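I opened my notebook to go through the charged pairs, the pockets and the surface of this model. Here is what I looked up, entry by entry.

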Amino acid sequence: MTQTRAALRPTVLTALLAALLSVLLAPAPASAASLQEVTGFGSNPGALKMYRYVPDGLPAGRPVVVALHGCTQNAAGYASGTGWTTLADRWGFSVVLPQQQSGNNLSQCFNWFQPADIARGQGEAASVAQMVDRQLADVSGDPSRVYVTGLSAGGGMTAVMTAAYPEKFAAVGIVAGLPYGCAQAAGSPYVCMYVGATQTPAQWGDRVRAARPGYTGPWPALTVFQGTADYTVKPANMTALVDQWTDVHGADRTADVSDTVAGFPHRVYRGPGGNAVVETYSLTGMGHGQPVDPGSGDAQCGASGAYFLDVNLCAAYRLGKAWQLG
């Protein structure tokens, strides 16, 4: 009996060592979801690229956020810099990230000012709409909870999507962006950006209504973030956005709520039914970029960098809360 136990002892030790080694040498657990390119999402008349972020184990019926980067940026940098992917993991939604190609625009700007790219069924606007349809089909997303947001030229394209495809979006968020049809109203995209266009609220509203003839609503609710020290897209454009979208919603231009959020002036404009249809954040002293608030706090998100400005307010978080994503 003693000899048998002694004979077995090396075998047991060998087994234990093998088990230990298998743990130590085993491949690391799968990491969190990563950004992935999607091809063949439609006819893609705007020749854009489609990327998406889908949290691991995301159930069906969850919201979809479309996030459009600014000039000189790309999908991956915008995904992480804004904090949208972090919030997607936390709250459970997927993110579509269109990416511009230099063949369309040397500065990687979405062409929010080109007539061929801002009309329903054409160019870049149609490409983004096709991405939405593909994403909803692939992840069984909730078509009643699709949102679009973007920075600068991406903000301009956000306004385009809101006007040309209002039925696809429940709400939108424009960061340092432009009203729909601004380049045409001002006679030049640069005049629009650096000065602004002179239009009445009704004229602004008519530009939106002409983009989707016969559409009577519902129209997406709008949230705008704008730095007061932005010399690339002047704050006059936020005023024009308020004029445009309060007119579309049939609301007056007197704010129903005037308070501060994180120390910044915040306004809410309600429609005839009493619901918030336009909301603005005027970021005192902020230049041109996406407001972020890096950190691990509940309301914090994003990472500071070029055009990602740490102002102790994260635009993605504020939009997510307004859209009841989490």
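**Entry 1: salt bridges**

I began with Glu 167, which forms a salt bridge with Arg 120, and I noted 3.1 Å between the closest N and O atoms. I then asked where the two partners sit, and found that the pair links distant parts of the chain, 47 residues apart. Glu 167 is in the loop between helix H6 (153-164) and strand S6 (171-175), while Arg 120 is in the loop between helix H4 (115-118) and helix H5 (123-139). A reminder to myself: this is a predicted model.

Next I checked how open the two side chains are. Glu 167 has a relative accessible area of 33%, so I put it down as partly exposed. Arg 120 also goes down as partly exposed, because its relative accessibility is 34%.

I moved along to Lys 168, which forms a salt bridge with Asp 133, the closest N and O atoms being 2.7 Å apart. This pair, too, links distant parts of the chain: Lys 168 belongs to the loop between H6 and S6, Asp 133 to helix H5, and 35 residues separate them.

Is Lys 168 buried or exposed? I found 17% relative accessibility, so Lys 168 counts as buried; the cut-off I used for buried is under 20%. Its partner Asp 133 is partly exposed, with a relative accessible area of 40%.

For a pair within one element I turned to helix H9 (residues 201-211), where Asp 206 and Arg 209 both lie, three residues apart, about one turn of the helix. They form a salt bridge with 2.8 Å between the closest N and O atoms. Asp 206 is partly exposed at 44% relative accessibility, and Arg 209 is partly exposed at 31%.

I also jotted down a network: Arg 52, Arg 134 and Asp 138 are joined by salt bridges that share partners. How many salt bridges does the structure hold? I have seven in my notes.

**Entry 2: the largest pocket**

I looked up the largest pocket and wrote down a volume of about 340 Å³. Its lining has 20 residues, and the closest to the pocket centre are Cys 71, Cys 109, Ser 152, Met 193 and Thr 232. Which element gives the most to this lining? H8 does, with four residues.

I then sorted the lining by residue type, and got 13 nonpolar residues, seven polar and no charged.

**Entry 3: the second largest pocket**

Here I noted a volume of about 150 Å³. The residues that line this pocket include Tyr 147, Ala 170, Leu 222, Thr 223, Glu 279 and Trp 323. Strand S7 (221-227) and strand S10 (276-283) are the elements that give two or more residues to the lining. S10 gives the most, with four residues.

By type, the lining of the second largest pocket divides into ten nonpolar residues, one polar and one charged.

**Entry 4: a surface patch**

I finished on the outside, with a nonpolar surface patch of about 400 Å². Which residues make the patch? I listed Tyr 190, Val 191, Tyr 194 and Val 195.

I picked out Tyr 190 for a further check and placed it in helix H8 (residues 189-194). Its relative accessibility is 53%, so Tyr 190 counts as exposed, given that exposed means over 50%. That brought me back to H8, which I had already met as the element giving the most residues to the lining of the largest pocket.

Methods:
Residues are numbered from 1 along each chain as its sequence is written. This is a predicted model: local features need pLDDT of at least 70, side-chain atom pairs count only at pLDDT 80 or more; totals for chains, interfaces and linings use all residues. Side-chain values use heavy atoms; hydrogens and water are left out. Patches are made of residues with over 30% relative accessible area and no salt bridge: like charges are joined within 9 Å, nonpolar side chains (Val, Leu, Ile, Met, Phe, Trp, Tyr) within 5 Å. Accessible areas come from the Shrake-Rupley method with a 1.4 Å probe; for residues, only the protein chains shown count as cover. A salt bridge is a side-chain nitrogen of Lys or Arg within 4 Å of a carboxyl oxygen of Asp or Glu. Buried means under 20% relative accessible area, exposed over 50%, partly exposed in between (1.4 Å probe, protein chains only). On a 1 Å grid over the protein atoms alone, a cavity is a set of points where a 1.4 Å probe fits but cannot get out, and a pocket is an open set with protein on both sides within 12 Å along at least five of seven lines; lining residues have an atom within 4 Å of a point. Grid points are joined across faces, edges and corners, and a volume is the space filled by probe spheres set on the points. Ala, Val, Leu, Ile, Met, Phe, Trp, Tyr, Cys and Pro count as nonpolar, Asp, Glu, Lys and Arg as charged, and the others, Gly among them, as polar.
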